[in-house]
Amino acid sequence: MPSEVLGRSAEAELVGSVLGGTEPAALLLDGEAGIGKTTVLLSAIDRARELGFTVLFARAAVTESALGYAALADLLAGIEPAALDFLPAPQRRALDRILLRAPDDGAGTDPRAVAAALLAVITRLSERTPVLVALDDAQWLDTSSVHAIAFAARRLSGPVKVIGTVRTGIGEDQALWLQLSRPEALQRIRLGPLSVGALHAVLSHRLRRSFSRPTMMRIHEVSGGNPFYAVEFARGPADNLKSGALPPTLAELVRQRIEGFAGDVREALLAVSCLGTPTADLVGRALGLDADDVFTRLADAEDRGIIGVDGDRVRFSHPLLAHGVYSTAAPAARREMHCRESCSCWGCSRCRTAAHGAPRTFSGRRSNRSRTIRRCASKYWCHWRSPNSISAGSRSPRRGLRRRLPLPIGWTARRCAASRWP
Ligand SMILES: Nc1ncnc2c1ncn2[C@@H]1O[C@H](COP(=O)(O)OP(=O)(O)O)[C@@H](O)[C@H]1O
Ligand SMILES: [Mg+2]
């Protein structure tokens with residue numbers, strides 16, 4: 001991610017006005033995938049930190065959108081346990097439970113206690129410094145977090161700002177749930193195309209070369225001023241730039257890039273794309289490798305800007321690339337990877353049967369593998385039906401199956417369980 005945000009001065013001005021003042025204010029940045037929403041949000045976060053804000057930040061991911069309180073846990077992850085001591089016991093217990101700081105006592109989590117606790121924590125923080133709640137890809141926030149954040153947002157007071165990004169073009173209008181007590185304090189803008197000049201600057205920065213004016217005009221026309229598309233297009237085969245033929249679609253560009261990798265690298269990328277919070281350790285367990293070998297296998301993908309590594313975390317440089325890897329894999333390969341990952345990291349006696357305790361199980365005959373996968377799926381179902389589950393709501397028929405996620409099992413296990421059907 002370049003530290004400099006190019007060609008977005010109007011948006012920067014708006015961010016500045018939202019961060020100013022002592023009243024609650026919110027800004028939603030929407031636009032198509034790759035247009036630069038996250039870039040503007042990250043720069044708003046940098047700016048807020050420079051101004052002394054406390055920043056609560058969550059990046060939603062499609063693989064985690066069915067996990068109860070996944071985003072809220074990310075928002076609150078940086079807060080020291082002692083800073084929650086002022087909360088009344090039921091609210092404290094509720095937050096400790098979603099932050100997995102409390103031992104499992106088998107009781108459910110009261111959504112009202114979570115929402116009230118979130119509001120109380122934000123209010124308390126804002127007595128010391130202004131607070132920015134930053135939500136990236138709000139269309140993928142899990143429903144439990146949405147309810148808690150919406151509850152708190154309607155009741156905010158003091159210098160608390162909310163800035164979120166929302167992807168358009170994926171069906172129903174997203175993030176309409178975000179409201180403040182003063183409706184005029186919420187603004188929503190759509191990010192438009194970058195200018196030719198700004199796009200040229202982005203390309204020169206990313207690809208370390210410059211482009212002639214006619215080439216730039218063509219890239220701008222093809223990409224519609226979308227920087228992600230433009231970078232992928234300019235990075236692709238030289239024919240893309242020269243041909244007078246119809247430009248490839250973004251999906252096609254992403255596919256071209258992914259197909260350039262060897263089979264074992266693609267397998268490792270698939271493992272990353274299937275996990276909600278991929279770490280080298282989790283990927284390694286799914287592939288039967290140790291963490292160092294995972295980094296070695298993914299080195300080429302990192303060099304080519306497909307993934308980034310941050311400590312133990314492995315992350316696609318853009319969700320479209322994760323989607324591209326996932327959607328170009330054969331359905332059977334995806335199912336098998338989900339099952340491998342769940343079985344290898346669940347570590348749960350209910351799931352770990354002699355039949356599928358380790359990834360190697362899947363090297364058996366095809367019929368054995370699919371039997372194992374079916375058996376594994378039925379185990380998930382047992383977990384979902386746990387009486388101690390919380391309601392994660394359901395925003396689409398596709399998610400109906402995952403409506404109830406169990407709290408008592410571990411965080412990783414819940415992530416894996418949900419990533420079973422992303
Ligand atoms: N204004 C900008 N200045 C520099 N680079 C940008 C700008 N907008 C987008 N990019 C680059 O384009 C790519 C896609 O941007 P991103 O913010 O991830 O898009 P979105 O969140 O809308 O999908 C990123 O690699 C980012 O670095
Ligand atoms: Mg984004």
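**Group meeting: S223, the ligand shell and two odd loop residues**

Okay, let me start with one residue. If you set aside the neighbours within four places in sequence, S223 touches L199, Y229 and A230. Before I go on, keep in mind that this is a predicted model.

So where does S223 sit? It belongs to helix α8, which covers residues 213–223. And is S223 buried or exposed? It's buried: relative accessibility is 5%, and the cut-off for buried is under 20%. The side chain of S223 also has a polar partner, because one of its polar atoms lies 3.5 Å from the backbone oxygen of H220, right at the limit of within 3.5 Å for a polar contact. For anyone thinking about helix geometry, an α-helix has 3.6 residues a turn, so residues three or four places apart point the same way.

Now, Y229 and A230, two of the contacts of S223, take us into α9. Both of them are on the list of buried residues there, together with P227, F228, V231, E232, F233 and A234. That list includes E232, by the way, a charged residue. With 8 of its 9 residues buried, α9 is largely enclosed by the rest of the structure. At the start of that helix, a side-chain oxygen of N226 comes within 3.0 Å of the backbone nitrogen of F228.

Next, the ligand. Which helices each supply at least two residues of the shell around ligand 1? They're α2 (37–50), α7 (196–207) and α9 (227–235). So α9 turns up again here. The largest share, though, comes from α2, with 3 residues. In domain terms, the shell takes at least three residues from domain 1 (9–190) and at least three from domain 2 (196–248).

In total, 19 residues surround ligand 1, and the closest ones are G34, K37, T39, R206 and H318. By class, that shell splits into 9 nonpolar, 5 polar and 5 charged residues.

Let me walk through some polar distances. R206 has a polar side-chain atom 2.5 Å from an oxygen atom of ligand 1. Then there are two backbone cases: a polar backbone atom of G36 lies 2.9 Å from an oxygen of the ligand, and a polar backbone atom of L6 lies 2.8 Å from a nitrogen of the ligand. How much of the accessible area of ligand 1 does the protein cover? On its own the ligand has 560 Å², and the protein covers 95% of that.

Two loop residues caught my eye when I went through the backbone. Most residues other than glycine have a negative phi. L100 has a positive one, near 55°, and D137 also has a positive phi near 55°. L100 sits in the loop between α4 (89–98) and α5 (111–126), while D137 is in the loop between β3 (131–136) and α6 (143–154). Their surroundings aren't alike: L100 counts as partly exposed because its relative accessibility is 36%, whereas D137 is buried at 7%.

Last bit, the whole chain. We have 18 helices and 9 strands, and of the 422 residues, 51% are buried. Taking contacts with a separation of 6 or more, 69% are between residues 24 or more positions apart. The chain exposes about 18800 Å², with 52% of it from carbon and sulfur atoms.

Technical notes
Residues are numbered from 1 along each chain as its sequence is written. Chains are lettered from A and ligands numbered from 1 in the order in which they are written. This is a predicted model: local features need pLDDT of at least 70, side-chain atom pairs count only at pLDDT 80 or more; totals for chains, interfaces and linings use all residues. Side-chain values use heavy atoms; hydrogens and water are left out. Helices (H or I, at least four residues) and strands (E, at least two) are DSSP runs, numbered from the N terminus. Buried means under 20% relative accessible area, exposed over 50%, partly exposed in between (1.4 Å probe, protein chains only). A polar contact is a pair of N or O atoms within 3.5 Å; within protein, one must be able to donate a hydrogen and the other to accept it, and residues adjacent in sequence count only if both atoms are side-chain atoms. Contact means heavy atoms within 4.5 Å. A residue is near a molecule or strand if one of its heavy atoms lies within 4 Å of it. Accessible areas come from the Shrake-Rupley method with a 1.4 Å probe; for residues, only the protein chains shown count as cover. Domain bounds come from an automatic or database domain assignment.
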